[in-house]
Amino acid sequence: MISTWQDFGNFYLWSRRILWHLENIVTPEVTQPDFNISNRFDDIYDYARFGAVCKPWLSFSYRFYKHKHHLFRANHQLPLLVVPMEGHQEIRGLYNIAKDTLCNGIQLSLPYKRCCGSSHGWLFFVDNKSPQIELVLINPFASESENSMIKLPPIQCDDGDRVMHMDEYGVNKVVLSKDPNDFPNDFEVIAIYGGTQTLAHYKSGNNFWSYAKPNKEIQCFADVIFYKGMAYAVDFYSWIVRIYRKRYKQRPGGNNSSPCYLRFKTINEGLSEYLWCDYSGNAYLVETSMGELLHVRRDYLTMEERIHKDVEIEEMRKRARAEYEARTQEDHDELREEIKKIMDELENQKVEEYVEPDLSRDLEEELHKFDKPHLSVNFTVFKLNLPLSRGQKNIETVNGEILFVGDNHSVSVPSLRCPTLSPNSIYYTDDYVNVYFQNLAFGSCDTGVFNVENKKFGKHFVPSFSAKGMPPPIFVVPRYRCNAKRIV
C-alpha cells in the first residue's frame with residue numbers, strides 16, 4: 001500500500017525499471033528472457049498484481065512465476081488460510097496471515113465438511129459415505145481451461161475400519177507429488193486413512209490404490225511428504241520410513257485387489273516402548289527452502305502429564321496380570337467362548353452401506369465432561385541426516401524459516417519474504433481429530449504460532465465462536481495461472 005510520497009516515488013522508480021526491462025526483454029530478437037527481473041517479486045500476489053496491468057505483462061509474469069516458483073518451489077510460497085464464513089455453510093473465505101486480513105471479495109464454494117488435505121493448490125474431501133472411502137480433489141484456483149475437480153478410485157477398507165467414521169474424519173491427511181494440471185500423467189497421491197491410520201498410494205492412470213502390509217513396529221502414521229523424488233512417512237513415535245511401491249508376485253484376495261503393495265525402509269528408528277513419554281500428539285515432515293528435511297513433533301500433553309499416564313498404565317497392567325493369574329481354567333474357557341462368539345458375529349456381519357450414527361445423545365453425555373479445549377503445549381524440531389546417513393538431530397532454530405503445518409501439505413517459507421511474520425516460528429492449525437468431542441464445544445481453537453527459539457506461543461487467525469461447528473481452517477498455497485480466476 002502506498003501511504004507516503006516517498007513510497008510513491010519508490011514505486012514509480014521501480015515501475016520505470018520494470019518497463020525498461022520489458023522493452024528489452026519482450027522483443028522478437030530475444031529468445032531467452034532475463035529472469036533476474038523476477039527476483040523483485042516476493043510472492044504470488046506480486047505476480048498477480050503485475051499481470052493485471054495488461055495482457056503482455058500477464059504473459060510475462062506468468063512465464064517468470066512458472067520458471068522460478070511454480071515447478072521448483074511449489075511448497076515454499078506463503079500460504080493463505082481457508083476459513084469458514086459466518087452464516088454460509090458452503091462458502092469459505094481466504095485469510096492472509098501476513099496482512100492479518102481477509103482477502104476482500106474472494107469466496108470459495110466448497111463442500112460443508114472437513115478438508116482432509118491441501119497440496120499444490122488442490123483441496124481434498126471425502127466424497128461419499130460408504131464402506132469405501134472416495135476422495136475428490138477440488139482446485140478453486142484453476143483456470144477455465146483446466147480441471148477443477150478430480151475423482152479418485154475408492155480406497156478399499158478392511159472390515160475393522162468399516163465401523164469407523166467413513167465421512168470426512170475417515171481420512172487423516174492426503175498429499176500430492178505434483179500438480180495434476182501440470183503433470184496429468186505423472187502425479188501420485190498418498191493418503192493416511194482409517195482407524196489404524198495406515199497408508200494408501202495412488203498413481204495417475206491406475207484404477208487402484210496400493211496398500212501397506214501390516215508392520216509391527218509402525219502403528220499409526222501421522223504425515224507423509226514427497227521429497228527429492230521419494231516418498232517419506234512419519235508415525236507418532238518418530239519412526240520415519242521411505243516408501244516404495246512393489247508389485248505382488250501373486251495378487252492377494254479379499255478386499256485388496258491391488259496388484260502392488262507398499263514396503264518401507266527405515267530412515268529413523270522410533271521409540272518402540274510405546275510409552276506416553278515417547279508419544280507425540282502429531283508429527284510433520286517439512287522440506288525447507290534450503291532443501292533440508294525437518295521432522296516436527298507436536299505435543300498436547302506436558303512431560304509431567306505423560307509420565308503420570310505411564311504410571312497409571314503400568315498400575316493397570318499389574319492389576320490385570322493379577323486378575324488373570326487368579327482365574328481358574330473354567331473362567332478362561334468361558335472367556336474364550338465369549339470372544340469366539342463375538343468374532344463369529346463380526347465375521348458374518350455384512351455392511352452394505354455406511355449409515356452415519358446419530359451422535360446427538362453422545363454429544364450431550366460427552367460435552368459436559370470437558371471444561372477446557374485440547375491445546376498444543378510444545379513443538380520439537382529435528383533435522384534428518386539425509387542423504388548421507390540415517391537418524392536425526394534436535395535443533396533449536398530453523399534458520400529463519402517459517403513453517404506452516406496442519407492438515408495441509410507442510411510448507412516452509414524464508415522469513416525474508418514475509419517480514420511481517422515471526423521468523424523461526426511454526427504457524428499451525430487445529431488438526432487433531434482424535435479429540436473431536438473435547439474441542440467440539442469450543443470450535444477449532446488450537447491455532448497459533450510457536451517460536452522455536454524462545455519456546456513462546458502466540459496467535460494468528462482465531463475463528464469466531466459462532467463458527468465453532470463449521471469445518472476447521474486449513475492452509476493452502478494458491479497456484480498462479482495465466483487465465484486463473486481472481487484470487488487477490
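## A lysine to start with

Is K113 buried or exposed? K113 counts as buried, because its relative accessibility is 18% and the cut-off for buried is under 20%. Keep in mind that this is a predicted model.

K113 sits in the loop between β4 (108-109) and β5. Leaving aside residues up to four places away in sequence, K113 touches R92, F125, V126, D127, E168 and P471.

## The overall picture

Zooming out, the protein has 488 residues, and buried ones make up 49% of them. The fold is built with eight helices and 26 strands.

Take the contacts with a separation of 6 or more: 59% of them link residues 24 or more positions apart.

## A four-stranded open sheet

One piece worth a look is an open sheet of four strands, which line up as β17-β18-β19-β20 with antiparallel pairing. At the edges you'll find β17 (282-287) and β20 (392-395); each has a single partner strand, so one side of each is left without a neighbour in the sheet. Going from one strand to the next, the twist averages 30°.

β17 and β18 run antiparallel and are joined by six bridges. Together they make a hairpin with five residues in between, and G291 in that turn has a positive phi of about 90°. If you want a landmark for this pairing, look for N282, which stands opposite R298 in β18.

## β18 from both sides

On to the pairing of β18 with β19. Six bridges join β18 (residues 293-299) to β19 (residues 378-384), and these strands run antiparallel. Two cross-strand pairs help you find your way: V296 stands opposite V381 in β19, and D299 faces N378 in β19.

How many residues of β18 are buried? Seven of the seven are, so β18 is largely enclosed by the rest of the structure. Both faces are covered: one side carries L293, H295, R297 and D299, the other L294, V296 and R298, and all of these are buried. So V296, the residue opposite V381, and D299, the residue opposite N378, belong to opposite faces of the strand.

## Two loop residues with positive phi

S238 and N399 are worth picking out for their backbone angles. S238 has a phi near 75°, a positive value in a residue other than glycine. It lies in the loop between β14 (230-235) and β15 (240-247). S238 counts as buried, since its relative accessibility is 6%.

N399 isn't a glycine either, yet its phi is positive at about 55°. You'll find N399 in the loop between β20 and β21 (401-405). With a relative accessible area of 62%, N399 is exposed, whereas S238 is buried.

## Cavities inside

There are three cavities of 30 Å³ or more in the model. The second largest holds about 50 Å³ of space.

What lines the second largest cavity? Eleven residues do, and S118, H409, V411, V476 and V477 lie nearest its centre. The elements giving two or more residues to this lining are β5 (117-119) and β26 (474-476). Sorted by class, the lining has four nonpolar residues, seven polar ones and no charged ones.

Note on methods:
Residues numbered from 1 in each chain as written. Predicted model: local features only at pLDDT ≥ 70, side-chain atom pairs only at ≥ 80, totals over all residues. Heavy atoms only, no water. Pairing = 2+ DSSP bridges. Axes fitted to C-alpha atoms, helices over the stretch in contact; angles between N-to-C directions. 1 Å grid on protein atoms, 1.4 Å probe; cavity = no way out; pocket = protein on both sides within 12 Å on 5 of 7 lines; lining within 4 Å. Points joined across faces, edges and corners; volume = space filled by probe spheres on them. Nonpolar A, V, L, I, M, F, W, Y, C, P; charged D, E, K, R; others polar. Buried < 20%, exposed > 50% of the residue type's maximum accessible area, 1.4 Å probe, protein only. Contact = heavy atoms within 4.5 Å.
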